[in-house]
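This report introduces the structure to a new reader. Please have the sequence and the model at hand.

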Amino acid sequence: MSSAPLPWARVTDHLGTMADDGRFNGILLVMQADATVVEFCRGWADRAAGVQIHPGTRFAVASMSKMFTAAATLLAVGRGELAVTDRIVDLLPEARRPAILSSEITVHHLLTHTSGIGDYFEEDESLPHYTGDDYGATWAGRNPGRVERPDDYLPLYADRAPAAAPGEWHYSNAGYVLLGAVLEEMTGRAYVDVVTEDVLIPAGMADTGYFRSDEPRPDVAQAYIDRSGAAWRTNVFSVPVIGGGDGGALATARDIDRFLRVIADGSLLGPELSALMRTPHVPAYGDRSQGYGPIVAPGGIFQHGGGDPGVAVFARHHGDEDLSVVVLLNVDGVFDDVWDVVSSGLPTHP
């Protein structure tokens, strides 16, 4: 435990000022064990309807959802439906995998972003298929309303040359889309059903799900991508109509905290698989390593962020302090400033 009280009052005061300036629109939740340290909400969930953000607001969490895919995969491993050493060419028929997929790529490679397969949304500016930082540009000239299952992404990356050699860490959205296809093939269920039934419901995440953007639901924060004057626009044409293996779930901050805790205590996956998920398998960002899904660091830290047009989110669990921090925002372009403030309240860690 930390020896001194965390300065969260100063953090929320600063976030309040940022909210007044329009630079904070979302929620910060800090939990220590079962105690709520901070639950700070400001801004608009739906500007047209005049609905404000509240603790039960559900936010798109983008790539944070990759942890759900990883958890579902490890549960399938625990049931004996596949192994992390299984080759993808042995698990998926030819029609469901990239045309030039190396035969040596395994489930482990996909979980750890070390498959090297060409991505449909390439984030490395040194590569030919670099897409920039605008995920919405991926769908220019395409209909994201028709992207509903893992196979629907395949035409976007099936023929792309490898981005790296197998075994080399290279963040890959397509790799997690492919994991979604593996889950479907191994379980005989749709990806969304696998994650909902095997991960979200058992974890007690009753308010989280893969909801279609064309099906109105209560307590969902619209994601806003244009802050030029009064011209606010949602991201409805910039993301697939429903999430998949690499992202797209909608969750409350409390549900994200529940997920972090069932991974930390092993109650969802069991002690062995939970430890495997949080094992530093390969070097990733700086001094941090890639686990099976989350990024891991010393001090029992595991974390994941996410960003889409109009979406900026981050969640971290500090195992040594039993502390979890969740930031969910439904506007883009402000996360770095927000995190600078939030991180000032955290224990000091590498």
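Two residues are in contact when they have heavy atoms within 4.5 Å of each other. In this predicted model, local features need pLDDT (the predictor's confidence in each residue, from 0 to 100) of at least 70, side-chain atom pairs count only at pLDDT 80 or more, and totals for chains, interfaces and linings use all residues. Residues are numbered from 1 along each chain as its sequence is written, and side-chain values use heavy atoms, leaving out hydrogens and water.

The protein has a mean pLDDT of 93, with 97% of its residues at 70 or more. Over residues 1-5, however, pLDDT stays under 50. Where pLDDT is low, the predicted coordinates should not be read in detail.

Beyond four places in sequence, I88 touches L101, I105, T106, V107, L110, L178 and V182. I88 is also, with Y120, F259 and M277, among the residues that touch the most other members of the largest nonpolar core, which has 82 residues. Such a core is a set of buried Ala, Val, Leu, Ile, Met, Phe, Trp, Tyr and Cys residues joined through side-chain atoms within 4.5 Å. Buried means under 20% relative accessible area, exposed over 50%, and partly exposed in between (1.4 Å probe, protein chains only). Apart from the largest core lies another.

| Core | Residues | Members include |
|---|---|---|
| Largest core | 82 residues | I88, Y120, F259, M277 |
| Another core | 25 residues | M18, V30, L323, V331 |

M18 is also one of the buried residues of α1, while A9, D13 and D20 are exposed on the other side of that helix. Helices (H or I, at least four residues) and strands (E, at least two) are DSSP runs, numbered from the N terminus. The buried residues of α1 pack against β1 (26-32), β2 (35-42) and α10 (335-343).
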